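Trainee: I am new to this structure and would like a close look at a single part of it. Could you take me slowly through one helix and what its side chains take part in?

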Amino acid sequence: MSMNDLLNLVEQYKEAQQLIEAAQNEMEALKEQIKAEMAARGETHINVGTHKVSYTTVTSSRLDSRALKAANPELAAQYTKTVTSTRFCVA
């Protein structure tokens with residue numbers, strides 16, 4: 001593959017990335033409009049056509065690893081797992 005071919009692929013990639021970002025921004029704006037309408041109606045669940053929409057508060061519990069490391073670094077080290085992955089970036 002020539003450098004021109006590679007440049008073309010990178011430019012296509014960046015263009016696709018911009019399209020995705022624009023679509024995500026549009027989706028976020030639509031989501032905010034739907035949430036505002038649900039709030040105005042005082043609804044947390046609503047059926048719209050064949051779609052079921054919900055906007056509820058969810059509570060979850062997670063381990064605060066930073067606090068654990070500060071309070072008991074040996075215990076934190078004992079249960080820390082190292083994970084290796086690959087990362088692709090086009091700047």
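Mentor: A residue is called buried when its relative accessible area is under 20%, exposed when that area is over 50%, and partly exposed in between. Please keep in mind that this is a predicted model. Let us take helix H1, which covers residues 3-41, and begin with Tyr13, which has a relative accessible area of 34% and is therefore partly exposed. Tyr13 belongs to an aromatic pair, and the count of such pairs comes to one. Its partner is Phe88: the ring centres are 5.5 Å apart and the planes stand at 90°, so the pair is edge-to-face, since planes over 60 degrees apart count as such. Because Tyr13 lies in H1 while Phe88 lies in the segment after helix H3 (73-78), the pair ties together parts that are 75 residues apart in sequence. Phe88, with a relative accessible area of 62%, is exposed.

Leu9, also found in helix H1, is partly exposed at 42% relative accessible area. Together with Met1, Met3, Leu6 and Val10, Leu9 forms a nonpolar patch on the surface, and the accessible area of these residues together is about 530 Å².

Now consider the helix as a whole. At 1.5 Å a residue, the 39 residues of H1 should span 57 Å, and the end C-alpha atoms are indeed 57 Å apart, which agrees.

Farther along the sequence we come to the salt bridges, of which the count is three. Glu28 forms one with Lys31, where the closest N and O atoms are 3.5 Å apart; both residues lie in H1, three residues apart, about one turn of the helix. Glu28 is partly exposed, with a relative accessible area of 35%, and Lys31 counts as partly exposed at 41%. Another salt bridge joins Lys35 to Glu32, with the closest N and O atoms 3.0 Å apart, and because these two are three residues apart in H1, about one helical turn separates them. Glu32 counts as partly exposed, at 38% relative accessibility. Glu37 forms a salt bridge with Arg41, the closest N and O atoms being 2.7 Å apart; here the partners are four residues apart in H1, and again about one helical turn lies between them. Of this pair, Glu37 counts as partly exposed at 41%, whereas Arg41 is exposed at 52%. Finally, H1 is followed by Gly42, whose phi is positive, near 70°.

Note on methods. Residues are numbered from 1 along each chain as its sequence is written. This is a predicted model: local features need pLDDT of at least 70, side-chain atom pairs count only at pLDDT 80 or more; totals for chains, interfaces and linings use all residues. Side-chain values use heavy atoms; hydrogens and water are left out. Rings of Phe, Tyr and Trp (its six-membered ring) pair if their centres lie within 6.5 Å; planes under 30 degrees apart count as stacked, over 60 as edge-to-face and the rest as tilted. Buried means under 20% relative accessible area, exposed over 50%, partly exposed in between (1.4 Å probe, protein chains only). Patches are made of residues with over 30% relative accessible area and no salt bridge: like charges are joined within 9 Å, nonpolar side chains (Val, Leu, Ile, Met, Phe, Trp, Tyr) within 5 Å. Accessible areas come from the Shrake-Rupley method with a 1.4 Å probe; for residues, only the protein chains shown count as cover. A salt bridge is a side-chain nitrogen of Lys or Arg within 4 Å of a carboxyl oxygen of Asp or Glu. The expected span of a helix is 1.5 Å times one less than its number of residues.
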